[in-house]
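Q: Please take a close look at the largest cavity and at the domain contacts. Which residues line that cavity?

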Amino acid sequence: MTVTKECYADLQEKYEKVKKLIEEDSKLDSTSEPYTSKYNAKQLLIGMKANIENLLRSQTPGTKEFLKLTGMLATVFLYLGRIAIETEETSTGEKFFKKCVDVIDKEELKPEIVIITLHILNELGLFWAEREPTKSKLHLEKCEQSYKQFKESEAVPTDFDNLFHVDPVADEITAFTNLEKAHTLTLYYLAQIYGTLGDALKSAIYCHTTLKRQLEMNDYDHIDWALNAATLSQFFMEKNGFKQARHHLAASSYILDVYKKELDECTLQNDEYYAKVENFKHRSADVARCWAKYGLLLLSSSRDRLMNHEDIDTVCALSTDLAKLDLTNMTLSSEDIANLEFRTLALSDQERQITDQFLLTFKDAREVFLNAKTWLEKAHNYYTLNSLASDYIEIMQDQAQLYLNLLFFEDNPENQAKMHKRRIDLMENVLNEINPTYYMQYCKQLWFELAQTYSEILYIKLDKLKESIERPNPNTLTKINNFIDKGIVYNNKFIDSFRDVVTKNLPDRIPEQYEKPYLKAIMANGALHGRYIVLDKEINLQHVQASLEYYKKVLDYCQTNPEVKEVLPTEHSICTEMTTLLPVKIQKLKQEVPLSK
């Protein structure tokens with residue numbers, strides 16, 4: 001039986017009302033009744049459902065009319081499910097989604113149905129993502145497979161909006177565009193699910209593919225795309241995939257440059273324009289920080305590589321290209337890794353800024369250092385202490401870390417000491433600008449780092465003193481003792497930060513994330529007191545006694561918390577040894593003190 005034009009016209013009119021209610025009117029609903037438009041759309045859809053089911057009863061399965069009405073009914077269930085989920089009727093939404101699946105059973109890949117198939121499987125993937133990720137993965141993988149099978153058929157899909165038109169006009173471009181958009185969404189959801197299930201590399205590959213498709217379809221927001229590419233680069237660099245990380249950062253910068261040109265050409269400079277400019281500055285600063293992280297990590301990874309391999313050229317197989325990974329026991333192919341590129345973008349200028357290879361010499365390292373330093377300065381132009389203090393502090397910490405990472409490649413101890421001094425200046429400047437009451441977490445980190453840095457300069461100066469055949473002048477000895485003073489001061493600030501605000505007592509147990517540095521700070525004070533250079537034997541005795549007390553504090557803490565010995569076995573062993581040796585030294589000094597008076 002042929003369906004009359006009047007029936008289709010009625011369904012088209014209601015469908016268009018439904019879309020208007022959902023896409024336009026719902027945005028104007030009051031906060032007290034936020035779902036009014038969606039509830040009205042639901043009532044229309046329920047009426048459409050009954051009409052379509054009646055019409056379907058008189059149709060022969062497999063005919064064009066049957067497939068058209070089947071697609072319309074599935075679309076109604078799809079919308080009903082979405083509305084139920086959005087109005088917090090989860091179980092009802094799931095039922096409507098299941099009905100949609102049942103309606104299109106055995107017809108999933110027909111041109112009239114395929115786009116609905118992709119949408120409903122995406123919805124089910126999203127629905128189960130947090131509830132049962134494995135179940136979500138099955139729906140999304142089926143969705144991906146359905147897309148591939150349909151593409152292989154070379155058939156032309158029908159957009160489900162077109163199903164409701166009385167006189168449908170074949171619009172292949174729109175249909176294929178919506179098919180591809182639905183598939184891009186599938187890939188995006190799969191990226192999230194693989195991440196949730198712990199397959200980080202596969203998740204990253206799907207993220208890349210999503211970004212690549214958005215570029216190819218010219219369907220993306222410049223800022224969001226750039227941020228997502230930069231974020232993905234962080235994953236690659238943490239896997240030593242500096243080639244892929246640099247490529248994604250270059251793509252991020254390229255897209256931001258394109259967006260900046262669009263902003264520069266904008267003639268209407270209203271509030272919306274200035275909001276876009278502000279957002280661009282903000283996100284450009286974020287991408288600059290990602291570039292700086294790349295430099296920091298390349299320096300530290302290169303250092304670790306050199307430290308772990310004596311014969312670096314013949315022994316080390318570590319690569320900066322993920323395509324050279326051993327993919328045994330992975331659900332990936334080398335082709336998947338090799339395709340991690342945006343071939344439609346000309347990125348040579350952006351990639352030329354910094355190498356993607358491990359560093360071997362100070363010259364190599366300095367080039368990376370200078371680039372990373374420039375990127376951090378760019379980020380600092382946006383993140384100020386007054387506006388975004390936490391980011392400001394973290395950027396300063398990254399600047400200090402840059403000097404530390406470069407220092408490994410510098411052989412000259414004097415230059416090493418200068419780099420440490422630069423780090424000290426950066427960190428002390430931050431401490432002078434912030435209030436520990438509000439930024440205690442950062443103050444703890446800075447105090448601990450400063451104590452270590454002063455100790456490093458101290459040991460450089462002491463080594464130089466040992467190598468010198470000349471008698472040290474008083475000024476040199478004063479400087480050495482000043483470094484010790486500073487190290488102890490910052491260690492004590494770090495240690496005292498754990499005291500109870502009221503009682504001023506230290507707790508029996510320090511929070512786990514701070515336990516190691518806390519004990520190392522106490523132990524470092526013991527070592528620093530033993531480094532003072534003084535001629536007065538009585539003062540020397542006081543320092544050795546103080547040194548012994550600090551070592552005892554570490555042992556006392558371990559006695560109260562026995563499991564700590566397993567975490568710091570070397571440190572515990574050193575403290576045990578020092579508490580044996582120092583009493584002998586103290587006794588000897590006590591005998592010498594009266595003689596020196």
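A: In sorting a lining by class, Ala, Val, Leu, Ile, Met, Phe, Trp, Tyr, Cys and Pro count as nonpolar, Asp, Glu, Lys and Arg as charged, and the others, Gly among them, as polar. On that scheme, four nonpolar, one polar and two charged residues make up the lining of the largest cavity. The model is predicted: local features need pLDDT of at least 70 and side-chain atom pairs pLDDT 80 or more, while totals for chains, interfaces and linings use all residues. Numbering runs from 1 along each chain as its sequence is written, and side-chain values use heavy atoms, without hydrogens or water.

The lining consists of Leu 519, Lys 520, Val 554, Cys 558, Leu 568, Glu 571 and His 572 (a lining residue has an atom within 4 Å of a cavity point, and a cavity is a set of points on a 1 Å grid over the protein atoms alone where a 1.4 Å probe fits but cannot get out). Two or more of these residues come from each of α21 (512-529), α22 (537-560) and α24 (569-596) (helices are DSSP runs of H or I, at least four residues, numbered from the N terminus). The space in the largest cavity is about 40 Å³, and the whole structure holds one cavity of 30 Å³ or more (volume being the space filled by probe spheres set on the points, which are joined across faces, edges and corners).

As for the wider setting, the protein is divided into domain 1 (1-198), domain 2 (427-495) and domain 3 (498-596), with bounds from an automatic or database domain assignment. The C-alpha centres of domain 2 and domain 3 are 18 Å apart. Their contact (heavy atoms within 4.5 Å) draws 19 residues from domain 2 and 18 residues from domain 3. Together the two domains bury about 1,700 Å², and 66% of that area is on carbon and sulfur atoms (accessible area, 1.4 Å probe, lost on being put together and summed over both). On the domain 2 side, the most area is lost to domain 3 by Ile 488, Phe 494 and Ile 495, together 34% of what that side buries.

Zero salt bridges are found across the interface of domain 2 and domain 3 (a side-chain nitrogen of Lys or Arg within 4 Å of a carboxyl oxygen of Asp or Glu), whereas a search of the whole structure finds 38.

Technical notes:
On a 1 Å grid over the protein atoms alone, a cavity is a set of points where a 1.4 Å probe fits but cannot get out, and a pocket is an open set with protein on both sides within 12 Å along at least five of seven lines; lining residues have an atom within 4 Å of a point.
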